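Me: I have a structure open beside me and would like to go through it step by step. Could you help me read it?

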Amino acid sequence: MYYGEIKKVDIANGPGTRVSLFVSGCRRHCKDCFNAETWDFCYGKPYTEETEREILDALAPSYIHGLTVLGGEPFEPENQEAVCALLRKARARYPEKDIWCFTGNTLEEDLLKEGGRGRCAVTDELLSYVDVLVDGAFIAEKRNLMLRFRGSENQRLIDLNATRKAGHVILWEE
């Protein structure tokens, strides 16, 4: 896996102050994507054990609220194993911090459904570490600058902990 950027102090991609990892690789190619350079699976730098340590260490300060993974597309099958390993370690080391993940996929059709475009061997485990999933492709015609933590009106902020308990999608509320 490659990544385009690590933001060690990010206030735009989830509540509070966060560490954000922008992974590389996305086949969706949404019109007017804000991060189109990350469509290339080899954009940026190789993701290594050192990169993982850097992210985990950046999460340590008490003022860091959580970790956000976005892209590119974290749920491209080629990215999921490395993202899953990072989230597993982040959850074990910092159980009090939340984990957000952005995806152009939809939870029900692309990630949970057998044969979905973002589904692979580690998808269920990866999702098990995520507290809030921002799902849905960016649709330029539904762009709305007034929305928090997303760019278009079709995208959802899904509270995955509440969703797992309820057995149906529950939207996140601050």
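**Buried residues, sheet, cores and pocket**

Me: Happy to start with one residue: is D110 buried or exposed?
Reply: This is a predicted model, so everything here is computed from it. D110 is found in helix α3. Its relative accessible area is 14%, and the cut-off for burial is under 20%. Therefore D110 counts as buried.

Me: Thanks! Which residues does D110 touch, leaving out those up to four places away in sequence?
Reply: Contact here means heavy atoms within 4.5 Å. With residues up to four places away not counted, the partners of D110 are R28, N105, G116, R117, G118 and R119.

Me: Let's move to the sheet. In what order do the strands lie?
Reply: The sheet is open and its pairing is mixed. Its edge strands are β3 (45-46) and β7 (156-159), each pairing on one side only. Reading across the 7 strands, the order is β3-β1-β2-β4-β5-β6-β7.

Me: How many bridges join β6 to β7, and what stands opposite V132?
Reply: Strand β6 covers residues 132-135 and runs antiparallel to β7. The two are joined by 4 bridges. In β7, the residue opposite V132 is D159.

Me: Which strands does helix α2 touch, and what angle does its direction make with that of β4?
Reply: Helix α1 (residues 49-58) packs on the sheet, touching β1 (2-10), β2 (17-23), β3 and β4 (64-70), and its direction makes about 15° with that of β1. Helix α2 (residues 77-93) also packs on the sheet. The strands touched by α2 are β2, β4 and β5 (98-102), and its direction makes with that of β4 an angle of about 170°.

Me: Good to know. Which element gives the most residues to the largest nonpolar core?
Reply: The core has 33 residues, of which L21, L67, L87 and L133 touch the most other members. Elements giving two or more residues to this core include β1, β2, α3 (107-112) and α4 (123-129). The biggest giver, with 6 residues, is α2.

Me: And how many residues make up the other core that lies apart from it?
Reply: Among the members of that other core are F22, V132, L157 and W172. The number of residues in this core is 9.

Me: Now the largest pocket, please: what is its volume, and which residues lie nearest its centre?
Reply: The volume is about 800 Å³. The element that gives the most to the lining is β1, with 3 residues. Of the 38 lining residues, those nearest the centre are F34, F102, F138, G151 and Q155.

Me: Is Q155 buried or exposed?
Reply: Q155 sits in the loop between β6 and β7. Leaving aside neighbours within four places in sequence, Q155 is in contact with D135, G136, A137, F138 and R150. Its relative accessibility is 12%, and the cut-off is under 20%. So Q155 counts as buried.

Me: One last residue: how far apart are the C-alpha atoms of A140 and W172?
Reply: A140 is found in the loop between β6 and β7 and is buried, with a relative accessible area of 17%. A140 touches K31 and D32, not counting residues up to four places away in sequence. Along the chain, A140 and W172 are 32 residues apart, and their C-alpha atoms are separated by 23 Å.

Conventions: Residues are numbered from 1 along each chain as its sequence is written. This is a predicted model: local features need pLDDT of at least 70, side-chain atom pairs count only at pLDDT 80 or more; totals for chains, interfaces and linings use all residues. Side-chain values use heavy atoms; hydrogens and water are left out. Two strands pair if DSSP finds at least two bridges between them. Axes are lines fitted to C-alpha atoms, for helices over the stretch in contact, and angles run from 0 to 180 degrees between N-to-C directions. A nonpolar core is a set of buried Ala, Val, Leu, Ile, Met, Phe, Trp, Tyr and Cys residues joined through side-chain atoms within 4.5 Å. Buried means under 20% relative accessible area, exposed over 50%, partly exposed in between (1.4 Å probe, protein chains only). On a 1 Å grid over the protein atoms alone, a cavity is a set of points where a 1.4 Å probe fits but cannot get out, and a pocket is an open set with protein on both sides within 12 Å along at least five of seven lines; lining residues have an atom within 4 Å of a point. Grid points are joined across faces, edges and corners, and a volume is the space filled by probe spheres set on the points.
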